[in-house]
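Here is a short report on one protein chain. Keep the structure open as you read.

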Amino acid sequence: MHRADVAFDATVDGRPPGGGPGGDRPRRTYLHPFRLGKALAGQSVLAAAVLFAGDAADVWHTPWFVVFPVVFGGLALAGTVGTVHYVMRRRRSAISASTDSTEAPASSSGSQAIR
């Protein structure tokens, strides 16, 4: 069987073409979730590096004190965005936890014995 034949065979691994049910593509899972606050912190430091690299290459002149508002302003913005994202994520998990546990507890007397 040629490699091209395997790509179009619907019975490879017993799954439909596309990998998911009904031929849909499987959902991509990532190793780490995307954190916008960390991305903003990195971009603020990168912006300061680009400013001073342009100054070192004599493309433009950047005063020495520009690094402080660029880096610290970016870090403050990143902290704010990270805090807002944390609060939203925590609230979302609390809402889903409160809707999942609608049944009465097994025992209200403190005993863990199942009767």
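## Surface and burial

The chain exposes about 10,000 Å². Carbon and sulfur atoms supply 63% of that area. Keep in mind that this is a predicted model.

How many residues does the chain have, and what share of them count as buried? The chain has 115 residues, and 9% of them count as buried.

## Overall layout

The chain contains three helices and zero strands. Read from the N terminus, its elements run α-α-α.

Now take the contacts in the chain with a separation of 6 or more. Residues 24 or more positions apart account for 37% of these.

## A nonpolar patch

Look next at the surface. Trp64, Phe65, Phe68, Phe72 and Leu75 make a nonpolar patch there, of about 600 Å².

Where does Phe65 lie? Phe65 sits in the loop between α2 (36-56) and α3 (67-100). Its relative accessible area is 48%. Partly exposed covers values between 20% and 50%, so Phe65 counts as partly exposed.

## A buried serine

Ser44 is part of helix α2. Is Ser44 buried or exposed? Its relative accessibility is 7%. Buried means under 20%, so Ser44 counts as buried.

Which residues is Ser44 in contact with, leaving aside its neighbours within four places in sequence? They are Val70, Val71, Gly74 and Leu75. Leu75 is also one of the residues that make the nonpolar patch.

Ser44 has a polar partner too. A polar atom of its side chain lies 2.8 Å from the backbone oxygen of Ala41.

Definitions and conventions
Residues are numbered from 1 along each chain as its sequence is written. This is a predicted model: local features need pLDDT of at least 70, side-chain atom pairs count only at pLDDT 80 or more; totals for chains, interfaces and linings use all residues. Side-chain values use heavy atoms; hydrogens and water are left out. Patches are made of residues with over 30% relative accessible area and no salt bridge: like charges are joined within 9 Å, nonpolar side chains (Val, Leu, Ile, Met, Phe, Trp, Tyr) within 5 Å. Accessible areas come from the Shrake-Rupley method with a 1.4 Å probe; for residues, only the protein chains shown count as cover. A salt bridge is a side-chain nitrogen of Lys or Arg within 4 Å of a carboxyl oxygen of Asp or Glu. Helices (H or I, at least four residues) and strands (E, at least two) are DSSP runs, numbered from the N terminus. Buried means under 20% relative accessible area, exposed over 50%, partly exposed in between (1.4 Å probe, protein chains only). A polar contact is a pair of N or O atoms within 3.5 Å; within protein, one must be able to donate a hydrogen and the other to accept it, and residues adjacent in sequence count only if both atoms are side-chain atoms. Contact means heavy atoms within 4.5 Å.
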